[in-house]
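Me: Hi! I'd like to get to know this structure a bit. Could you walk me through it?

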Amino acid sequence: MSLTLLCLLAQTFYHLPSSQEEGAVHFPLGCQKVEEEMGWQQSLQESDASKVRTIYLNEPLRNSFCKNFISTAKYSIWSFLPRYLYLQFSKAANAFFLFITILQQIPDVSPTGKYTTLLPLVIILMVSGIKEIVEDYKRHMADKLVNTKTVIVLRENTWKTIMWKEVNVGDIVKASNGQFLPADMVLISSSEPQVTCYVATSNLDGETNLKIRQALSETAEMQTEKQLSSLSGKIECEGPNRHFNTFVGTLYLNDKSPVPIGPDQVLLRGTQLKNTQWILGIVVYTGFETKFMQNSIKLPLKRSNVEKVTNVQILVLFLLLLAMSLVSCVGAILWNEWYGEGIWYIRMKEYISHSLGFDLLVFIILYHNLIPISLLVTLEIVKYIQAMFINWDEDMHYRGNDVYAMARTSNLNEELGQVKYLFSDKTGTLTCNIMTFKKCTIAGIIYGNQSEKSDTDIRKLSLSPSVITESCEFNDPRLLYNFENGHPTKDYIKEFLTLLCVCHTVVPERDGNNIIYQASSPDEAALVKGMKNLGFVFTARTPTSVTIEVMGENFTFEILNILEFSSNRKRMSVIVRTPTGNLRLYCKGADTVIYERLSEDSRFMKETLTHLEYFAKEGLRTLCVAYADLSEEEYQQWLTQYRKASTVIKDRMQSLEECYENIEKKFLLLGATAIEDRLQARVPETITTLLKANIRIWVLTGDKQETAINIAYSCKLISAHMFRIQLNLNSLEATQQAITRHCEALGTQLSKENDLALIIDGETLKYVLHSEIKRSFLNLALSCRAVLCCRLSPLQKAEIVDLVKKHVGAITLAIGDGANDVGMIQMAHVGVGISGNEGMLATNNSDYAIAQFSYLEKLLLVHGAWNHFRVTKCILYCFYKNVVLYIIELWFAFVNGFSGQIIFEHWCISLYNVLFTSLPPFSLGIFEQCCSQKSLLAYPQLYKISQAGNTFNTKVFWFQCLNALIHSFILFWMPMKMLEHDMVLQGGYTTDYLFLGNFIYTYVVVTVCLKAGLETQSWNKFSHIAIWGSIIIWLVFFAIYSFVWPTIPIAPEMAGQVKMVLVCPYFWLGFFIVPIVCLTLNLIWKSIRNTCKRTLLEEVREMESSRAQRFHPTIFRKRVEAKKVQMFLATPPHEIVLQSESFDQSIPRGYAFSQVEQAVITQEELIRSYNTTKSKQDEVTMDSSHSRQK
Amino acid sequence: MKRTSEESQSRLPDNSALKQQQLPAYWLQLTATGVLSGFFATGVFCLGVGIILILSAKSIKEIEIKYTKICGNCAKLREDATNFDKECTCSIPFYLSETMQGNVYMYYKLYGFYQNLYRYILSRSNSQLMGTDLKDVGTCAPFSKSHDGTPIAPCGAIANSIFNDTIILSYNLNSSIPIEVPMLRSGITWWTDKYVKFRNPRSKNLSIAFAGTTKPPSWAKPVYELDQEDPENNGFLNDDFIVWMRAAAFPTFKKLYRRLNRIQYFTEGLPAGLAYTVTGAVTWLAFFSMMAIHLMLKDRKMFFTEQ
């Protein structure tokens, strides 16, 4: 029986990853393509999607699908009890105690009474149940808020306002501007011309640009109630699935031919209607079948390393328990052999008939409390409060948008203290994703340079990472001065500024007197905004023209063609007819591509190039700006070419690009712009600190290599003297060769930390991740201080994290803000989302959400380290206190013939964990501080202690158990010697076994509480309450409990004990002596270690507490510095001296342009959306101003 | 903790030191001075206590007399179970070299008697001993009922195995006729036992009250005849019985048997120079070779009372 139990324990303790859990790692958006490629898509969902759904229009009775009611709560009132109990008892430890409780019901088997395990178990389940109820109540409230939102729906031929939860499939919904949509629906008609509407999808995919949707022309006229209620027919569509970007359906209207419905007609739940007065839509998916809900799949359950180790240790304790029971059984057999004959007084012979199995059960029940019953619930509460501390932390409160840090799970608090690899997204994580136009060079003159000084001032100010000021924009009066006062380069300046106002894909949106620029490219938005500040205001866009306002005068440029940006072309151009009627081509792009196409007449090439290099050194993103005048016939000729190319069916993009090439030539250089991709506040400092804390930082970005390197430089991840290894290869063999070559070049330095930076792109990584060179690539990557992976798909990000997680065995943390980071956030041991931005997807899938990258410093170094120390101390202490008390039963077994008698009173023993020693673990787990927050931040090296996990492993566990064993021996032996002669009481009274038991029990409580005090480094008022309070609680309980019998029929043995025990002078002697003897051992051990093997932590702690510090701070600082140097010397960084062509040390070019910031897929999708709108709306995408003008 | 004061101003009022984990705290620091002084202080404390203990132990006098061997013939007699009702006595003379001043207690001591066995301790009925329900013998196995099904009172293994040797301490003043030293049979139990835990059934006549029950199999006489002279010491309230019912912690234990009645010669204690005799009326228990008597004479002028 116990063998099966063991198997059961092993299974559940380890929590083998089930297929379900693995399946839960989803990449909910955008990456559907990748998923298909990788075969990650689940067959289940495919089959789901293949089910055809038919929706009958205006026939509500025929549409029966799931309700629009949404419940994210775990329990309902009725399901709470069964479900909660099921969840609790599927935890091995709880199941074990349930098993013990059941065993205790067998008559005569339990030496500890029938209900003594049941009561603590019930208390524990109740406490954890209350916690569950509180948490679930919040979820219910949130659900209620969503479910009771109102929406206008056509019911019985009139518009009625109903709640979201009452919306059914087939309903016709009317939504107005700014509303969130209650369900997935097909757009019928809208207020806008061409039946379009705009939706913000940032809730779903994190993309901030608006998406355009257009209704079918067949339904466009359906606007009045009458028309709508006379609609008849049906919609056939695919079954519910989680792909945002697909929808296949057909509209069958009576008397009309069927019309296909695609994703362009679908409005999803969770999106918000923008710039549109109203829309009408037919609901197709509701509730959990909406794509939004289909994507909010439960997070994979993450377990911390400490938790796993703890489970193993519980298992070990269980084995120990079995071993002790077996030893006791054998003892019982031997004792009966030797003495059994003589024990006439209980007729031993009648009882000896009990089988070995029966005896074993008796002893298992006797010793079962060796496994700490309260550990799980203690940890649960402790971690919950730790999470609240994270939530409350004012240092992680971003005042900019009033966002606090949020611990979305409390399972991983201690894991934060062990992070070794940090995977960071770039955009929105390291950077603010705010581009600012900083500098420019026009006709060989550099502008915007003198703001350097104020810049440093701002840096200093921004040390408090609260609000990012907008003040560090381009600010150089010389430019306008030159322009207005007839500087020789005046014309160039004008042309330059005009170009930047005209050549882009930005859409202006009027908001009163303000103009807000909507752009899919933040670079362009920055440029246009910068121009606006200089007085060149881009005011309006129509399908065919762009209007700019210069010095109060309006100029309209006719836009003839837009030659799109692509990463191959690295440039974008527009062909315009200027107000004066000339044809002109404006172009902006990377220096390399522009310089290739300059005409011989172009000037300022040299000066501009030096300026470009200068910008690059500063970490600024540069764009070259040039123009070319076209003649009428030249243009016409090209136009015919272009028309031909744009109708090509196969490889249209390619033929278009070739066509563009023909006209983009003979440029005249105007100058260059420099845009700052602004880092978030304190990012370089944070990265420096984290590097000092021995955390390796890998940047994984979907962005271009140039941009990534730029950012890595500006955030000091890569320093100028660092060698770079770049891997940009396009075949498996080449990749393999390159990696092998680099590995060989490193030689013995491989796998050690070197002053190297590895830069790899997604293309190369594809080969690396799917072959045998995985391992050697990992070795190479681990030898580098910084790793930069660019142009990664979301899936690749997750794969890299997985690679490190699986092969290195260190704790990984992934941080990101966008939808494309969800994969890696879910994959890493700890996922951190940047919150406060519009896209909530990363946050919703993360374990912790913080508003700024720099808060990672406090989260890891302070909360992480503290929580790790707290949790490990708490766990070890829980083990300790149980072992101390229950091993005493074993010692007692030696004097009572292994009969199974307990030395304590039943209820005392069962309340031990829930009453008398329940507070110290909490005070340790909640308030313990290994050293002050200030020191943890000042000496990031302290993080290594928790990172290495040396405070909690099998060795420490066994040491603690050994310590507990010694304590329990002392705690039994000393009182035993005290009472051996039986004459301790005044009046000559003799004592009984429970008298001894109460002595021992009291000493155990005192010792165990004081041990907690010894473990506590920082004693605050709660520690005092917990430690002294526990001792007092026991004494008070003892006093009351001794008078319970016979009023309440329990504990007859305890009757009168307190009177005899407390008046016994021996008792008070032992009260002081016994705990002192126990703890002196620990104290000596600690002192010796503190003297001989002092760590940095102890050094820092001493420095903190020492009074001398106030008088001679420098001396202590020096000591600590010396210690640091010592530690540093122990593991010196390996300087790389080899100089081969593979190690690049030159400063990279500064070109970077973020047309599409997300991954490959989204870029494709975006381009696709350009194409679709182009055919309908002539040229211009997202033309909101156009519709407005009409 | 200096930080608390610095930051408290910048914090919003609801951000207490507790929420920001800035509670004032004392840092436990094991400095050499602290540890060593604590160490020596403990040492001095222990030394002092030790000296006091040794001094007080010296003022206690103890005489232990083993009678297992001396009364060997009685033990032999008891080996044959049919002789259980035959009386057997033996006497052991001894001399006190020093006067035992103060209160004197007489104990008996058993070696290797496991009163701490799980099933032994379990085998009693507290509600029966409360006198409320004499028939409640639920946990008394294997001594709950006699063969004919009559409930045993007091039931259980503990009660059944009661120590029932009779020990009489006498002195010879100047003749050869021994005179009994006055001893008290009462006042040897815990107060709670005598007045809370053990109660006789409410009745004027104990033998009627115990009707319908039978005596434990090893007992010579029923429980209501334990002390017929003193009704306060009879039935479940018999002090010897109550003392026995408190199960000892170790297999070797002492139990209080009698205390000296300090009258006549004995107001000061047991005077030295007299010839004493211990006479044991050893009944059925003697068939255990490990039986022993321990006459413990103890001066209660111990260090705690400091008379």
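Reply: Sure, here is a chat about the two chains and a few spots in them. This is a predicted model, where local features need pLDDT of at least 70, side-chain atom pairs count only at pLDDT 80 or more, and totals for chains, interfaces and linings use all residues. Residues are numbered from 1 along each chain as its sequence is written, chains are lettered from A and ligands numbered from 1 in the order in which they are written, and side-chain values use heavy atoms, leaving out hydrogens and water.

Me: How many helices and strands does chain A have?

Reply: Chain A has 45 helices and 35 strands. Here helices (H or I, at least four residues) and strands (E, at least two) are DSSP runs, numbered from the N terminus.

Me: And what about chain B, how many there?

Reply: Chain B comes with 9 helices and 10 strands.

Me: What share of each chain is buried?

Reply: In chain A, 60% of the 1190 residues are buried. For chain B, 50% of the 307 residues count as buried. Buried means under 20% relative accessible area, exposed means over 50%, and partly exposed is in between (1.4 Å probe, protein chains only).

Me: How much surface do the chains have?

Reply: Chain A has an accessible surface of about 47,300 Å², with 59% belonging to carbon and sulfur atoms. Chain B exposes about 14,700 Å², and carbon and sulfur supply 57% of that. These areas come from the Shrake-Rupley method with a 1.4 Å probe; for residues, only the protein chains shown count as cover.

Me: What part of the contacts in chain A joins residues 24 or more positions apart?

Reply: That part is 76% of the contacts in chain A with a separation of 6 or more. A contact means heavy atoms within 4.5 Å. In chain B, 76% of contacts between residues at least 6 apart join residues at least 24 apart.

Me: Switching topic: which residues form the nonpolar patch on the surface?

Reply: The patch is made of A:L1062, A:W1068, A:F1072, A:I1076 and B:F45, with about 410 Å² of accessible area together. Patch residues have over 30% relative accessible area and no salt bridge; like charges are joined within 9 Å, and nonpolar side chains (Val, Leu, Ile, Met, Phe, Trp, Tyr) within 5 Å. A salt bridge is a side-chain nitrogen of Lys or Arg within 4 Å of a carboxyl oxygen of Asp or Glu.

Me: Which helix gives the largest share?

Reply: Helix α40 of chain A (residues 1065-1092) does, with 3 residues. A:L1062 sits in helix α39 of chain A, residues 1057-1062, and is partly exposed at a relative accessible area of 30%.

Me: Cool. How do α27 and α28 of chain A pack?

Reply: Helix α27 (residues 774-782) and helix α28 (residues 794-808) of chain A pack at about 90°, with axes 11 Å apart. They are therefore roughly perpendicular to each other. On the α27(A) side the contact is made by A:K774, A:R775, A:F777, A:L778 and A:L782, and on the α28(A) side by A:L803, A:V804, A:H807 and A:V808. Axes are lines fitted to C-alpha atoms, for helices over the stretch in contact, and angles run from 0 to 180 degrees between N-to-C directions. Under 35 degrees counts as roughly parallel, over 145 as roughly antiparallel, 65 to 115 as roughly perpendicular, and the rest as oblique.

Me: Why is α24 of chain A called largely enclosed?

Reply: Because 8 of the 10 residues of helix α24 (residues 705-714) of chain A are buried, the rest of the structure largely encloses this helix. Among the buried ones are A:I709, A:I711 and A:Y713.

Me: What comes just after it?

Reply: A:K716 follows just after α24(A), with a positive phi of about 65°. A:K716 lies in the loop between α24 and β28 (723-727) of chain A, and counts as exposed at 56% relative accessibility.

Me: Where are the cis peptide bonds you can point me to?

Reply: One joins A:W1045 and A:P1046, with omega about 0°. Another joins B:A153 and B:P154, where omega is about -10°. Most peptide bonds are trans.
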